[in-house]
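Here's a quick report on two spots worth a look, one on the outside and one on the inside. Have the model open while you read.

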Amino acid sequence: MSSLSARLGLVQICLAGVLWGTGGLVLQIVRAITPMSVLTVSAYRMLIAAVVLLAVLAVIGRLSDLRLDLRTVVVGVATGLYQALYFASVVAVGVTVSTVVSLGIAPALLLAGEAIASRQRPTGRQLVVLATALTGLVLASAYAGSGAGGDRPVTGILLAIASGSAYALTTAIGRPLVQQRSPLLVTAGATGVGAVFLTPLALLGGGPLGSSSVTVWAWLVYLGVATMALAYGLLYAGLRTTRSSAATVASLMEPVAASVAAAAVLGERLAAPAVAGVVLILVAVAGLA
């Protein structure tokens, strides 16, 4: 693997993180217009992504190459859980805290898993990068403005931890998959399975299943195309040349983007320590290169 390929992989994952960082903000906008449940929004997000990706495969003549083996099913179900748990956390505790907690646990889990699998201790550089990233996450989480947050912080943090664990699982299992098949095929298969998994839950979740607002549908399409189909395609493309633990650190561009977007649009004020936390995350991501 060349140094250039590794850096390109990190850039792809960072771009995916930026796109994901807008997801919680869009959820808040949608729910300000309609009481659609987070499960329904998550199901639409994955369903729209799956339809778009399957259409792309059909256009380029690769639909017959799609395979739904056990690993793809596990990645799809875990991705669906991650989306639903994350959005539920956003409602309970706010955009910034839910994002930084959910992504904060993933790199620690994966670095520990890689160390156990290889029977080698993490390198000093890996530990420094992880410590820098997690310090940044703690600062960004603890000192983020709470004015636009939810009123169930404990529930929200627990949901975020579960969400981050599901994300770690998708990354760990998804990386070997993209060594064997194209990121487009992996993304299409996973989102299709996730949509099938989430749809029954959305039907049982209460709230309206649709909206008469064109704005709501436009934002749902954005969630499906940009924050799901494109973002996960970038993630899986980047995983071809990036370790799972490094990928989750690179994807911490999500809380950076989420914090900036929440401060600019929702009025979640960032105190000086939170700004320092964002800077530390950026330093950690740069340390991966």
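How many cavities of 30 Å³ or more does the structure hold? The count is 1. Keep in mind that this is a predicted model.

**The inside**

The largest cavity has about 40 Å³ of space in it. Its lining is made up of Trp20, Arg45, Tyr82, Gln83, Tyr86 and Glu254. Helix H4 (70-93) gives the largest share of that lining, with 3 residues. By type, the lining is a mix: 3 residues are nonpolar, 1 is polar and 2 are charged.

**The outside**

Now turn to the surface. Val52, Val56, Val59, Ile60, Val221 and Val225 come together there as a nonpolar patch, and their accessible area adds up to about 460 Å². Two or more residues of the patch come from each of helix H3 (38-59) and helix H9 (214-239). H3 brings the largest share, 3 residues.

Ile60 belongs to this patch too, but sits in the loop between H3 and H4. Is Ile60 buried or exposed? Somewhere in between: with a relative accessible area of 47%, Ile60 counts as partly exposed, because that label covers residues that are neither under 20% nor over 50%.

Here are the two sites in brief:

| Site | Size | Largest share |
|---|---|---|
| Largest cavity | about 40 Å³ of space | H4, 3 residues |
| Nonpolar patch | about 460 Å² of accessible area | H3, 3 residues |

Technical notes:
Residues numbered from 1 in each chain as written. Predicted model: local features only at pLDDT ≥ 70, side-chain atom pairs only at ≥ 80, totals over all residues. Heavy atoms only, no water. Patch = residues over 30% accessible without salt bridge, like charges linked within 9 Å, V, L, I, M, F, W, Y side chains within 5 Å. Areas by Shrake-Rupley, 256 points an atom, 1.4 Å probe, with all protein chains shown as cover. Salt bridge = Lys/Arg side-chain N within 4 Å of Asp/Glu carboxyl O. Helix = DSSP H or I, 4+ residues; strand = E, 2+ residues; numbered from the N terminus. Buried < 20%, exposed > 50% of the residue type's maximum accessible area, 1.4 Å probe, protein only. 1 Å grid on protein atoms, 1.4 Å probe; cavity = no way out; pocket = protein on both sides within 12 Å on 5 of 7 lines; lining within 4 Å. Points joined across faces, edges and corners; volume = space filled by probe spheres on them. Nonpolar A, V, L, I, M, F, W, Y, C, P; charged D, E, K, R; others polar.
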